[in-house]
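Welcome! Here is a short guided walk through a structure that may be new to you. Take a moment to turn it around on your screen before reading on.

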Amino acid sequence: MKRINLGILGGGQLGSMLCMAAKKLDIFTIVWSDDPMSPAKEFSDEFIFSNYSDNEKFNYFTKKVDKITFEFENIPSDILDKLNSIKEVLPNPQINKVVQNRILEKNFVNNQNIKTTEYKKINNKDDLISNVNILPAMLKTNTLGYDGKGQFKLNNLEDCKNINLSKNTDFILEKMVNLKKEISVIVTRFKKNEYEIYEPFENKHEDQILRVSKIPANISKEHFSQSVEYAKKISEKLDYVGTLCVEFFIDDKENLLVNEIAPRVHNSGHMTINSHNISQFENHIRAVCGLEKIKTLKLYNAEMTNILGNEIIKFKEKKLQDNEFFFDYLKKEIKEKRKMGHFTEINKIND
Ligand code: ADP
Ligand code: MG
């Protein structure tokens, strides 16, 4: 059988881990990124660096690949559409248009009868001031945010007056949730009613950046089954193919709210490389490349910690126990709060 050539757009650590999973499946990876320093360069079989609007590279890439996926949802949508008209892009780029836009995303979730926090569209300062009744709230850029970038906490009218909003403002104001817990559910959908689902991950954030994820999550049976059901329903409604993550809030009144949907493999699922027989990355590749779906099983409980900024220095020297795994993203430059690697500890399941 001919070897599959998988094109991956974006070259961050998610791309690196997709490449590692592909290698195991004997799939050839071609990463295309607009960052010459992409970490995935070290893990892909072939690496293309150029702006995504480069026609020559576009033609080369589309000729070479059989299937296309992405590790970063903010690839310009016209590029994804153009690629998809030549070689299939999975998940379908139409989905990005919804989940990349926080307002459309929340409208979609609420239309499925799944709750989110209260939210308002903000185009200017007057919009902000007239919605002062929902404060305290998070003001977020409606598109293009990640790891808490483009987010501002607003507590009172004074904060609204002081904030500097540019003219063409496209923001969302989200009522602050009194968080009891954050969880996420990762599902890989192969086709209609065919999924592999990981149990909910319990997540701790610091400064809006994921810090620690663990399984099992310390949550009620109701929240466990409800969050899994919601993730399935969302992936089904989106007719999704590949791995998707739904992030949830549990508030102080035990309400389960969807925070956001990530149309890709997700940081909270990195432990699945070590905790499960099939990782979220392998499942994504299996689904996108039309390979066999294998029953996904948890082998261990686990806890994953993100390594930020110069914490990476001491991890490079750490002596690892048999149940500990360290992943160095091989980023050339250390920046404060930048995700530089992660560390996973697995433990026996005692039931
Ligand atoms: P990103 O796209 O950067 O992941 P999120 O919207 O998921 O942005 O926000 C990152 C984190 O910030 C959340 O996981 C949560 O800890 C905190 N946060 C964001 N919005 C709210 C909110 N409305 N109420 C409470 N906490 C929030
Ligand atoms: Mg998030």
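Rings of Phe, Tyr and Trp (for Trp, its six-membered ring) count as a pair if their centres lie within 6.5 Å. By that rule, ring pairs join W32, Y52 and F61 into a cluster. Please keep in mind throughout that this is a predicted model.

## The aromatic cluster

The structure holds six aromatic pairs. One of them is formed by W32 and F61, whose ring centres are 5.1 Å apart. The planes of W32 and F61 meet at 50 degrees, so this pair is tilted. W32 belongs to strand β2 (residues 28-33), while F61 belongs to helix α2 (residues 55-64). Because these two residues are 29 residues apart in sequence, their pairing ties together separate parts of the chain.

Are these two residues buried or exposed? W32 is buried, with a relative accessibility of 0%. F61 is buried as well, and its relative accessible area is 0%.

Another ring has a charged partner: K82 lies over the face of F58, at 4.3 Å from the ring centre.

## The whole chain

Let us step back to the overall picture. The protein chain has eleven helices and 17 strands. Its radius of gyration is 20 Å, close to the 20 Å that the globule rule gives for 351 residues, so the chain is as compact as a globular protein of that length. Along the principal axes, the C-alpha atoms fill a box of roughly 60 × 55 × 45 Å.

How much of the protein chain is buried? Buried residues account for 54% of the 351 residues. Links across the sequence can be described too: among contacts between residues at least 6 apart in sequence, 61% join residues at least 24 apart.

## The magnesium site

Which residues coordinate the magnesium ion (ligand 2)? The donors are OE atoms of E247, which is listed twice, and of E260, at 2.0 to 2.8 Å. E247 sits in strand β13 (residues 242-251) and E260 in strand β14 (residues 256-262). The two residues are 13 residues apart, and the pair links distant parts of the chain.

The surroundings of these two residues can be described by their accessibility. E247 is buried, at 12% relative accessibility. E260 is partly exposed, and its relative accessible area is 22%. The cut-off for buried is under 20% relative accessible area, which is why E247 and E260 carry separate labels.

## Salt bridges

The count of salt bridges comes to 25. Three of them are set out here, each with the distance between its nitrogen and oxygen atoms and the separation of its residues along the chain.

| Salt bridge | N to O distance | Separation in sequence |
|---|---|---|
| D26 and R3 | 3.5 Å | 23 residues |
| E73 and R264 | 2.6 Å | 191 residues |
| R189 and E236 | 2.9 Å | 47 residues |

Where do these residues lie in the chain? D26 is in the loop between α1 (13-24) and β2, and R3 is in the segment before β1 (5-9). R3 is partly exposed, at 40% relative accessibility.

E73 lies in the loop between β4 (67-70) and α3 (77-84), whereas R264 lies in the loop between β14 and α9 (272-275). Their salt bridge therefore ties together parts of the chain that are 191 residues apart in sequence. E73 is buried, with a relative accessible area of 16%. R264 is buried too, with a relative accessible area of 15%.

R189 is found in strand β9 (residues 179-191) and E236 in helix α8 (residues 221-237). Both R189 and E236 are buried.

Salt bridges can also be linked to one another. K24, E282 and R286, for example, are joined in a network of salt bridges.

## A closer look at F224

Our last stop is F224, which lies in helix α8. F224 is partly exposed, with a relative accessible area of 37%. Which residues does F224 touch, not counting residues up to four places away in sequence? Its contacts are with E199, P200 and I219. F224 and P200 are 24 residues apart along the chain, and their C-alpha atoms are separated by 6.6 Å.

Key: Residues are numbered from 1 along each chain as its sequence is written. Chains are lettered from A and ligands numbered from 1 in the order in which they are written. This is a predicted model: local features need pLDDT of at least 70, side-chain atom pairs count only at pLDDT 80 or more; totals for chains, interfaces and linings use all residues. Side-chain values use heavy atoms; hydrogens and water are left out. Donors are N, O and S atoms within 2.8 Å of the metal (3.2 Å for Na, K and Ca); water is not among the atoms, so sites may look incomplete. Helices (H or I, at least four residues) and strands (E, at least two) are DSSP runs, numbered from the N terminus. Buried means under 20% relative accessible area, exposed over 50%, partly exposed in between (1.4 Å probe, protein chains only). Rings of Phe, Tyr and Trp (its six-membered ring) pair if their centres lie within 6.5 Å; planes under 30 degrees apart count as stacked, over 60 as edge-to-face and the rest as tilted. A charge sits over a ring if NZ of Lys or CZ of Arg is within 6 Å of the ring centre and within 35 degrees of the ring normal. A salt bridge is a side-chain nitrogen of Lys or Arg within 4 Å of a carboxyl oxygen of Asp or Glu. The radius of gyration is taken over C-alpha atoms; the globule rule is 2.2 Å times the number of residues to the power 0.38. Contact means heavy atoms within 4.5 Å.
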